[in-house]
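Hi everyone, thanks for coming. Please have a look at the sequence and the structure on the screen, and then I'll walk you through them.

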Amino acid sequence: MSQNNIDAHILISMTYASRANSDVSAEDFNEILKQAQENNAANGITGMLTFNKDYFLQTIEGPRAQINRLLYGLIADQRHYDLQLLETREIKHREWAKWSMNYASPTEQNAAVYLKYSTTVNFNPYLLNAESANNLMRELSSI
Ligand SMILES: Cc1cc2nc3c(=O)[nH]c(=O)nc-3n(C[C@H](O)[C@H](O)[C@H](O)COP(=O)(O)O)c2cc1C
């Protein structure tokens, strides 16, 4: 049995914030999303990605080994920097089971949701505690 399969039944959820590199465009965001969705479908990973101008906020969930492997890739990815973990925990059930990678970026419809979770003039995920980050993504997802 490969190392992968040994802990495949142990699921974890990981949430992080990062800063988008200044040259990351809307097309790059679409590219990241497409890459995430294709890879995740193959790797048993699900989750939610939010992008707000300067920042990413993402939850990834799946088998522990796969999530750890993705974390290395994310840290090495030059399209963002200053990756900071907000939360890592074991889960019994996936929250984002239906999505290889769900996503939300700012629109007129969801502006009030971002504002609700902003303690400063601009939305800044580094200032969120884990519970707020999770609630924000749930609310963005339901719009
Ligand atoms: C904000 C952000 C979110 C990403 N999310 C994912 C993801 O959910 N799954 C994934 O496989 N790659 C994701 N990536 C891409 C990875 O950092 C990395 O480029 C990719 O996993 C490498 O895939 P490859 O081995 O097929 O080249 C993301 C990148 C960024 C910048």
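Let me begin with a term: a residue is buried when its relative accessible area is under 20%, exposed when it is over 50%, and partly exposed in between, using a 1.4 Å probe and the protein chains only. Serine 18 has 0% relative accessibility, so it counts as buried.

Before we go on, please keep in mind that this is a predicted model, where local features need pLDDT of at least 70, side-chain atom pairs count only at pLDDT 80 or more, and totals for chains, interfaces and linings use all residues. Residues are numbered from 1 along each chain as its sequence is written, and side-chain values use heavy atoms, with hydrogens and water left out.

Now back to serine 18. Where does serine 18 lie? Its place is strand S1. Helices (H or I, at least four residues) and strands (E, at least two) are DSSP runs, numbered from the N terminus. The side chain of serine 18 makes a polar contact of 2.8 Å with the side chain of histidine 80. By polar contact I mean a pair of N or O atoms within 3.5 Å; within protein, one must be able to donate a hydrogen and the other to accept it, and residues adjacent in sequence count only if both atoms are side-chain atoms.

S1 is mostly covered, with 9 of its 10 residues buried. Which strands does S1 pair with? One is S3: S1, residues 11-20, runs antiparallel to it, and 9 bridges join them. Another is S4, residues 80-91, again in the antiparallel sense and over 9 bridges. Two strands count as paired if DSSP finds at least two bridges between them.

Let me show you some partners. Leucine 11 has proline 63 in S3 as its bridge partner, and arginine 19 has tyrosine 55 in S3. On the S4 side, isoleucine 12 stands opposite glutamate 90.

Let's stay with S3. Are the residues of S3 buried or exposed? In S3, residues 55-63, 9 of the 9 residues are buried, so this strand is largely enclosed by the rest of the structure. S3 also pairs with strand S2, residues 46-52, in the antiparallel sense over 7 bridges. There, asparagine 52 stands opposite tyrosine 55, a residue we already met as the partner of arginine 19.

S2 and S3 form a hairpin with 2 residues between the strands. In the loop between S2 and S3 we find lysine 53. Lysine 53 has a positive phi of about 45° although it is not a glycine. With a relative accessible area of 63%, lysine 53 is exposed.

Aspartate 82, in strand S4, also draws the eye. Aspartate 82 is not a glycine, yet it has a positive phi of about 55°. At 40% relative accessibility, aspartate 82 counts as partly exposed.

Next, the ligand. There are 15 residues around the ligand, and those that come nearest are Ala36, Asn39, Asn40, Gln58 and Asp77. Here, near means that one of a residue's heavy atoms lies within 4 Å. Which elements each supply at least two residues of the shell around the ligand? They are helix H2 (26-43), S3 and helix H3 (64-76). The largest share, 5 residues, comes from H2.

Let's look at the polar side chains facing oxygen atoms of the ligand. For asparagine 39, a side-chain N or O atom is 3.0 Å from a ligand oxygen. For aspartate 77, a polar side-chain atom lies 2.6 Å from a ligand oxygen, and for arginine 79 that separation is 3.4 Å. Taken alone the ligand exposes 620 Å², and the protein buries 75% of that. These areas come from the Shrake-Rupley method with a 1.4 Å probe; for residues, only the protein chains shown count as cover.

To finish, two residues in the helices. Lysine 34 is in H2 and is partly exposed, with a relative accessible area of 45%. Its C-alpha is 15 Å from that of isoleucine 60, and the two are 26 residues apart in sequence. Arginine 64 is in H3 and counts as partly exposed at 32% relative accessibility. Arginine 64 and serine 13 are 51 residues apart along the chain, and their C-alpha atoms are separated by 8.4 Å.
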